[in-house]
Amino acid sequence: RFICQDGGAIQARFATERGRLVAIVDAFDGDGPHTLASRPYHGPPVELIWSDGRRTLSWSPGVQIMWMDDSFHRRCGGGHHH
């Protein structure tokens, strides 16, 4: 669970489905959780990205987490809680 700058949170867990790494994400916006497939690394900078084409979760150095969908954007970082 990642605490975000707007006071909200994102909860993510990671799994393998059909041989691909997926992120199962809930941004607590009433529309989740969502299962997002990993996207290829296009380097540098280092950034892990999962997306279903409409919603995107990105994870970059320093534990910076960003969630975006059509109408919702949440940026989190600086720590996480288990």
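In which sense do β4 and β5 pair, and over how many bridges? The close-up views below, taken from a predicted model, begin with these strands.

**View 1. Pairing of β4 with β5.** The two strands run in the antiparallel sense and are paired over two bridges. β4 covers residues 34–38, and β5 covers residues 48–51. A37 has S51 of β5 as its bridge partner.

**View 2. The hairpin of β5 and β6.** Strand β6, residues 56–60, pairs with β5 in the antiparallel sense, over four bridges. W50 stands opposite L57 of β6. Four residues lie between the two strands of this hairpin. In the turn, G53 has a positive phi of about 95 degrees.

**View 3. The aromatic pair F14 and W50.** One aromatic pair is found in a search of the whole structure. The ring centres of F14 and W50 are 5.1 Å apart and the ring planes are at 40 degrees, so the pair is classed as tilted. Because F14 belongs to strand β2 and W50 to strand β5, the pair ties together parts that are 36 residues apart in sequence. F14 is partly exposed, at a relative accessible area of 34%, whereas W50 is buried, at 3%.

**View 4. Surroundings of H34.** H34 is located in strand β4. With a relative accessibility of 9%, H34 falls under the 20% limit and therefore counts as buried. The side chains of H34 and R55 are joined by a polar contact of 3.1 Å. Apart from residues up to four places away in sequence, H34 touches A23, I24, V25, R55 and W67.

**View 5. Contacts of W67.** Neighbours within four places in sequence are left out of this view. The contacts of W67 then include the nonpolar residues I10, V25, A27, L36, L57 and F72. D29, H34, R55, T56, H73 and R74 are also in contact with W67. Of these, H34 and R55 share the side-chain polar contact shown in View 4.

**View 6. The largest nonpolar core.** This core has 13 residues. Those that touch the most other members are I10, V25, L36, L57, I65, W67 and C76. Two or more residues come from each of β1 (2–4), β2 (9–17), β3 (20–26) and β7 (64–68). Among the core residues named here, I10, V25, L36 and L57 are also contacts of W67 in View 5. L57 appears in View 2 as well, opposite W50.

Methods: Residues are numbered from 1 along each chain as its sequence is written. This is a predicted model: local features need pLDDT of at least 70, side-chain atom pairs count only at pLDDT 80 or more; totals for chains, interfaces and linings use all residues. Side-chain values use heavy atoms; hydrogens and water are left out. A nonpolar core is a set of buried Ala, Val, Leu, Ile, Met, Phe, Trp, Tyr and Cys residues joined through side-chain atoms within 4.5 Å. Buried means under 20% relative accessible area, exposed over 50%, partly exposed in between (1.4 Å probe, protein chains only). Contact means heavy atoms within 4.5 Å. Rings of Phe, Tyr and Trp (its six-membered ring) pair if their centres lie within 6.5 Å; planes under 30 degrees apart count as stacked, over 60 as edge-to-face and the rest as tilted. A polar contact is a pair of N or O atoms within 3.5 Å; within protein, one must be able to donate a hydrogen and the other to accept it, and residues adjacent in sequence count only if both atoms are side-chain atoms. Two strands pair if DSSP finds at least two bridges between them.
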